[in-house]
Amino acid sequence: DLVLCVFWVVPNAVSTIMGGRGWDLGMPFNYIKVIVSYYCYPAGTLLVCALTTTKLLMLKYPLRASTWSKKRAYRVCLAIWLLSLYNPVTFLIVDKEDLYYDARVFTYDYGFSSDIWHFLAPISSLILLLTPTIVIVVATVMLIIKVAKSARDFQRSVRWQGIMMVIVSASVYTLSVIPMTIYSIVEPQLEKDPIQPNFFHAYFYSIALTVALNLNLMGNFFAYFTVTGFRVFVISSIREWA
């Protein structure tokens, strides 16, 4: 979330406020912005998917979960970051120069101009966005049911702070991913008319991006106020810079 805020949210917000004037910080930064955005956004979704699934498994199989090590968690995270390289790597293989200035949102983006993206884009959306989103929703619902059932059967109070952190994080990411997932799947299949752009190309993308940017900011604020370790990290970093 923090990386996305620096390389995705802030540049998009500034360029929108400026109306595209003074945006161009040089092509190297434009390449970095595009690569980081398409790398970290799916990674964040997959990490939330792992978080919700792991929390559910810990509640459902507490004895087995007690044997899990940090090394296993690190391996899962490493696998997620490696899988998220799919988009940046395919960008470099298919056409690394395929960047264009997107007047809809006043920033540079990847063009997906090659015909092969009609095949690759749906695969990417299915693996990195749609499937994790479905898993997040299902795991979150099952998590709520499991916690409520445990509290009722054993008539004991539940430590809701950690569970609510997972549930809210999952909800925020799901809401942010759904519009962009729809766009990623539908838009490549539609013919582009430069004179009269279709609704998905002209307007739906702006809506999806606005939703994603705002919910990404909400996720950072939520983490700051609910996760002690993250709050300590932010405060200590600010003090070091000051």
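Here are a few worked exercises on the structure above.

This is a predicted model, so local features need pLDDT of at least 70 and side-chain atom pairs count only at pLDDT 80 or more, while totals for chains, interfaces and linings use all residues. Residues are numbered from 1 along each chain as its sequence is written, and side-chain values use heavy atoms, with hydrogens and water left out.

**Exercise 1. Work out what pattern of helices and strands the chain follows.**

Step 1: Take the elements as DSSP runs numbered from the N terminus, with helices being H or I of at least four residues and strands E of at least two.

Step 2: Tally them up, and you get nine helices and two strands.

Step 3: Read along the sequence, and the pattern is α-α-α-α-α-β-β-α-α-α-α.

**Exercise 2. Find the largest nonpolar core and the helix that gives it the largest share.**

Step 1: Look for buried residues (under 20% relative accessible area; exposed is over 50%, partly exposed is in between, with a 1.4 Å probe and protein chains only). Buried residues make up 38% of the 242 in the chain.

Step 2: Join buried Ala, Val, Leu, Ile, Met, Phe, Trp, Tyr and Cys residues through side-chain atoms within 4.5 Å. The largest set has 12 residues, including Tyr41, Val105, Leu129, Met180 and Ala208.

Step 3: Sort by element: helix H7 (160–186) and helix H8 (199–226) are the ones that give two or more residues to this core. H8 wins, with six residues.

Step 4: Zoom in on Ala208. Leaving aside neighbours within four places in sequence, Ala208 is in contact (heavy atoms within 4.5 Å) with Pro179 and Met180.

Step 5: Don't miss the second, separate core of eight residues, which includes Phe91, Leu99, Leu120 and Ala121.

**Exercise 3. Sort out which residues of H5 are buried and which are exposed.**

Step 1: On the buried list for H5 are Asn87, Pro88, Thr90 and Phe91.

Step 2: Seen down the axis of H5, the buried residues fall within an arc of 165° (taken from the directions from the helix axis to the C-beta atoms), so they line one face of the helix.

Step 3: Flip to the other side of H5, and Leu92 and Ile93 are exposed.

**Exercise 4. Identify the residues that make the nonpolar surface patch.**

Step 1: The patch is made by Leu78, Leu82, Leu85, Val89 and Ile93, at about 460 Å².

Step 2: Helix H4 (70–83) and helix H5 (86–95) each supply at least two of the patch residues.

Step 3: Check Leu82, which sits in helix H4. Leu82 is exposed, because its relative accessible area is 51%.

Technical notes:
Patch = residues over 30% accessible without salt bridge, like charges linked within 9 Å, V, L, I, M, F, W, Y side chains within 5 Å. Areas by Shrake-Rupley, 256 points an atom, 1.4 Å probe, with all protein chains shown as cover. Salt bridge = Lys/Arg side-chain N within 4 Å of Asp/Glu carboxyl O.
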